[in-house]
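Work through the exercises below with the sequence and the coordinates at hand. Each task is followed by a solution in steps.

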Amino acid sequence: MPGSSARRTSDAGPGPDETVDRCDLCVVGAGVAGLNALFVAGRYLSREQTVILVDRRHRLGGMWVDTYPYVRLHQPHGMFTAGNITWTLGRERSYLATKPEVLDHLDHCLDVIKERVHVDELFGWSLESEDEVDGVVRVVCRAADGRRRVIETRRLIKAFGAQVVPNEPLELSSTRVRSVSPDYCDVRGDEMRADRAPIWIIGGGKTAMDTAHAVVTGYPGREVNIVAGSGTYFISRDRTLPNGFRRWVGGALLSRIGCELARRFDGVNETETAAWMRATHGTWFTPETGNFLLGLLSESENATIAAGVTDVVIDHLVDAVDRDDGVELLFRSGASRPIPAGSWIVNCTGYLVRHESPYEPYVSDSGAVMSINLRSATLHLTTYMGYFMTHLMFSDKLQQTPLYELDAFDLRRKSNAVFPYAVFTLAQYNLSLLSDALPGSAFRDCGLDPDRWYPMPRRMLAGAQFLLSHRRDREHHRQTLDTLRDRFAIRCGPLPTTPEERSATETADVG
Ligand SMILES: Cc1cc2nc3c(=O)[nH]c(=O)nc-3n(C[C@H](O)[C@H](O)[C@H](O)COP(=O)(O)OP(=O)(O)OC[C@H]3O[C@@H](n4cnc5c(N)ncnc54)[C@H](O)[C@@H]3O)c2cc1C
């Protein structure tokens, strides 16, 4: 740990090649959620206290380090940050930052955080286990070459996020197609440019849209098809984040949309809720739109993709098999489609719900370990969780605030259709509790807030509307979440507070 000031000893029973570092806070996960946690912790810790930041990746940035090279932010860049740290890019506010720009900004965020708190970085180390003994959390980390390292800390924040890792190419029986993953094959590169073979994009979410946009604009006139699953709609960036004078008089603040959506959703009416959301704030080009993953798309991106794509198939690809005269795509519905040999099959099937990690509550019994993950989600986005949950942790209110946690991973697996409305409801419910538990400054300093797009008077009005109604709405949101829990047999509710409740939960887990 070059330049480290973390207190280090070798008297805690480590092995011969093992060191023990001591610190006040250890954050595992150097993505934007971990950086938000660090930003907030920096408001509570003094300069003399030490933080250790650990990540299994070899640099800062989380999933942005190794997802496809042409990924861009889908929201204006200023809203993707740690705390209220401003960008130094110097671009107009609607600019959608590229992957290198996002990574540069996250580096900048850590530099800014380090002005307030001492942070030591440990990259290339995976958290292997943690134990709490006598008010100390003992964290064991492992490097790829097998080295072990122990960190003793007062608090641990595990900011694992959605556990995004690069996607592999789809495994297909055909030897005559070129099955690629955008994470390893840049669709803008020489290989794909070298021929005119059709491109089949498998997936209908953000990666598919980024890929479709890259290929229809990069190779005009080329055959580009999308196998879009159940289809997807996106939030229209033009309607929710308008430019110029419309910021004053048009558009809909995303906080108001969240409130309205959660009011409409009752845990069983996802079809009507989706129809309302799509009609009032959505943009899409697929003939069906069974999915909505909180993604943003502009009307012009949508139109460019729609105009450039040859065919959209609403189905799920199962395999591609070689036939005497070419290749056949096989779909889940039983349908099939002949395609020429040499076609490109690009895996854009998404990153969520790929790798099941064991459930753990968002906070340990002692309050010393907090976990930001999808199995015990408390808000709609991991960035928000990193920010607000760390405020709760350092205000010693993490255990007293009866937040609902949702196994968003399990719910997504069980119902794509319900998932987005469930996480919006969860966010509304818990933001209501958070606004009672945290000072107004915690909300004012949250640079992730998309309402910051709008001029101050409109934001203040939206804030006042929330403050006037959130306690009244809370009971409805609670009932919706309880309905979802019973309907899908998912974990959804407050953490058990008594030993009896805890042991009942543990018994249920084993069952
Ligand atoms: C293709 C794609 C595009 C996206 N685009 C946007 C966008 O435009 N705007 C937006 O707001 N969101 C976007 N998202 C969502 C995105 O995932 C989040 O915004 C955000 O970057 C996630 O940050 P995170 O810190 O929660 O997780 P990550 O970035 O995944 O960071 C978690 C970190 O934890 C580390 N880690 C996990 N387990 C361990 C362990 N045991 N030991 C050590 N380290 C560990 C991982 O290595 C990782 O670096 C996108 C997601 C994907 C997949």
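Three exercises follow, on cysteines, on one loop residue and on a domain interface.

The structure is a predicted model, in which local features need pLDDT of at least 70 and side-chain atom pairs count only at pLDDT 80 or more, while totals for chains, interfaces and linings use all residues. Residues are numbered from 1 along each chain as its sequence is written, and side-chain values use heavy atoms, with hydrogens and water left out.

**Exercise 1. Cysteines**

Task: Count the disulfides, then examine Cys348 and Cys492.

Solution:
- Apply the criterion: a disulfide is a pair of cysteine sulfur atoms within 2.5 Å. The count is zero disulfides.
- Take Cys348, which is in no disulfide: its nearest cysteine sulfur belongs to Cys185 and is 10 Å away.
- Check the accessibility of Cys348. With a relative accessibility of 3%, Cys348 is buried (buried is under 20% relative accessible area, exposed over 50%, partly exposed in between, with a 1.4 Å probe and protein chains only).
- Take Cys492. The closest cysteine sulfur is in Cys259, 18 Å from the sulfur of Cys492, and this is too far for a bond. Cys492 is also buried, at 5% relative accessible area.

**Exercise 2. Leu241**

Task: Locate Leu241 in the secondary structure and find which residues Leu241 touches.

Solution:
- Assign the element. Leu241 sits in the loop that runs between helix H5 (237-240) and helix H6 (246-249); helices are DSSP runs of H or I, at least four residues, numbered from the N terminus.
- Determine the exposure: Leu241 has a relative accessible area of 5% and is buried.
- List the contacts (heavy atoms within 4.5 Å). Leaving aside residues up to four places away in sequence, Leu241 touches Pro76, Met79, Leu254, Leu296, Pro450, Trp453 and Tyr454.
- Compute a C-alpha to C-alpha distance: Glu48, 193 residues from Leu241 in sequence, is 41 Å from Leu241 in space.

**Exercise 3. Domain interface**

Task: Describe the interface of domain 1 and domain 2.

Solution:
- Set the bounds, which come from an automatic or database domain assignment: domain 1 is 7-165 + 352-395 and domain 2 is 178-233 + 284-347.
- Count the contacts: 14 residues of domain 1 meet 15 residues of domain 2.
- Obtain the buried area, the accessible area (1.4 Å probe) that two parts lose on being put together, summed over both. The value is about 1200 Å², with 58% from carbon and sulfur atoms. Tyr68, Tyr70 and His74 supply 61% of the area that domain 1 buries against domain 2, more than any other three residues.
- Search for salt bridges (a side-chain nitrogen of Lys or Arg within 4 Å of a carboxyl oxygen of Asp or Glu). The interface has zero salt bridges.

Methods
Helices (H or I, at least four residues) and strands (E, at least two) are DSSP runs, numbered from the N terminus.
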